[in-house]
Amino acid sequence: MTTSIPQGALHGIRVLDLSRVLGGPYCSQALADHGAEVIKLEPPAGDETRGWGPPFEGDTASYFRGINRNKKGLVVDLAQPEGRQLLLRLLEGADVLLENFKPGTLERWGLGYEAVLAERFPRLIHCAVSGFGAGGPLGGLPGYDAAIQAMAGLMSVNGEADGGPLRVGLPVVDMVTGLNALAGILLALHERQRSGRGQSVDITLYDCGLSLLHPHLPNYFGSGRVTSRSGNAHPNIAPYDSYRTGGEPIFLAVGNDRQFARLCEHLGAEALLDDPRFADNGSRSVHRQALKAALEGHLASHDGPPLAEALIRLGVPCGAVATVDQAIAHPHTRHREMLVALGDYRGIASPVKLSRTPAQYRSPPPGLGQHSRELLEGLGLDAGQVDDLIQRGIVRG
């Protein structure tokens with residue numbers, strides 16, 4: 001008896017993904033992992049992240065392979081009228097159009113959402129990802145993750161207290177933009193069940209960068225003071241920082257008095273509990289430097305990893321500072337099934353665990369134009385017509 005694999009939560013949803021680089025593809029991979037059919041339409045030169053290496057796997061950068069699995073690859077030159085006609089034919093069967101063109105590009109091609117797409121495809125969800133949106137003082141300008149980190153204030157609160165502003169060491173704005181695009185698309189699909197109508201979803205890197213400023217903006221609204229950099233320390237909580245030990249460092253994330261008491265008791269530092277400077281979080285935050293010095297005195301006789309393991313099992317939020325290879329080798333990473341392997345492809349699994357319709361990993365990232373012929377013949381074109389389009393440079397297959 002064979003057990004059938006359940007269909008994904010988004011089975012039956014067709015997504016035409018015209019986006020490139022990170023935010024859009026990050027979103028569409030999440031849609032694809034949960035069952036949507038995602039067609040990745042690339043220009044003849046391909047998504048630029050195919051060349052963002054080394055490392056390369058074959059002729060494709062690992063960067064591209066990390067965010068484009070479970071998709072079908074199609075190459076169409078939308079700069080040519082015949083390419084845009086193919087796009088319209090593809091949209092006839094699509095539920096979602098995801099793109100991150102410079103604002104105004106679709107309008108220039110005669111494919112604007114309000115004027116054309118909404119009329120011709122009334123159930124279509126259009127998600128536009130851009131740097132700053134179409135209007136306003138920065139409307140239409142290009143946006144990249146690091147530039148938005150700078151402009152939105154993220155770099156100003158990141159880094160050591162005695163150092164300069166520092167970029168977060170991963171493209172956090174791009175990825176949060178992708179997650180917000182995912183949320184917007186799912187909200188619009190849900191609302192369509194009630195109204196029968198699609199709508200446009202406007203997601204900008206600038207908005208998403210600003211949205212990450214918690215608790216720094218609430219603190220500013222409440223105090224009128226601009227946050228200064230605090231390294232690994234939390235601006236509102238103590239002890240919540242990295243701490244030296246006799247071996248490897250650890251990170252303590254103590255959020256309440258009960259956890260602080262357990263920490264002190266395990267370290268034999270009960271005297272700290274009677275010190276009025278450390279009586280509650282507000283007091284500990286004011287006297288955080290004295291607290292850090294006192295704790296590191298007790299931590300000096302411990303090594304980080306075994307101490308962190310002991311503390312977290314006592315209910316004290318704590319972690320040893322791991323490298324990337326150590327993180328993926330951790331047995332809990334395997335237990336949570338957070339790694340994907342498909343032939344020679346390895347990737348990060350979906351963190352969204354659904355009980356009846358789990359994420360599925362069906363195919364590695366596509367080669368450039370890998371499924372062009374299959375998809376175009378699915379539109380009713382015969383082999384000769386596809387060959388002609390390929391020879392004239394409108395399609396690559």
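Is Lys-71 buried or exposed? In this predicted model, Lys-71 counts as buried, with a relative accessibility of just 1%. Its salt-bridge partner is Asp-17, and the closest N and O atoms of the two sit 3.9 Å apart. Lys-71 belongs to strand S5 (residues 71-76) and Asp-17 to strand S1 (residues 14-17), so this pair ties together parts that are 54 residues apart in sequence. Asp-17 counts as buried too, at 0% relative accessibility.

Arg-50 and Glu-42 make another salt bridge, here with 2.8 Å between the closest N and O atoms. Both of these residues are buried: Arg-50 is, and so is Glu-42.

Then there is the pairing of Asp-344 with Arg-65, a salt bridge whose closest N and O atoms are 3.7 Å apart. Asp-344 lies in the loop between strand S12 (339-342) and strand S13 (345-348), while Arg-65 lies in helix H2 (residues 62-65), so the contact ties together parts that are 279 residues apart in sequence. The two ends of this bridge fall into separate burial classes. Asp-344 is exposed, with a relative accessible area of 64%, because exposed means over 50%. Arg-65, at 11% relative accessibility, counts as buried, because that class takes in anything under 20%.

Salt bridges also link up into a network, which joins Arg-14, Glu-37, Lys-72 and Glu-374. Over the whole model, the count comes to 22 salt bridges.

Key. Residues are numbered from 1 along each chain as its sequence is written. This is a predicted model: local features need pLDDT of at least 70, side-chain atom pairs count only at pLDDT 80 or more; totals for chains, interfaces and linings use all residues. Side-chain values use heavy atoms; hydrogens and water are left out. A salt bridge is a side-chain nitrogen of Lys or Arg within 4 Å of a carboxyl oxygen of Asp or Glu. Helices (H or I, at least four residues) and strands (E, at least two) are DSSP runs, numbered from the N terminus. Buried means under 20% relative accessible area, exposed over 50%, partly exposed in between (1.4 Å probe, protein chains only).
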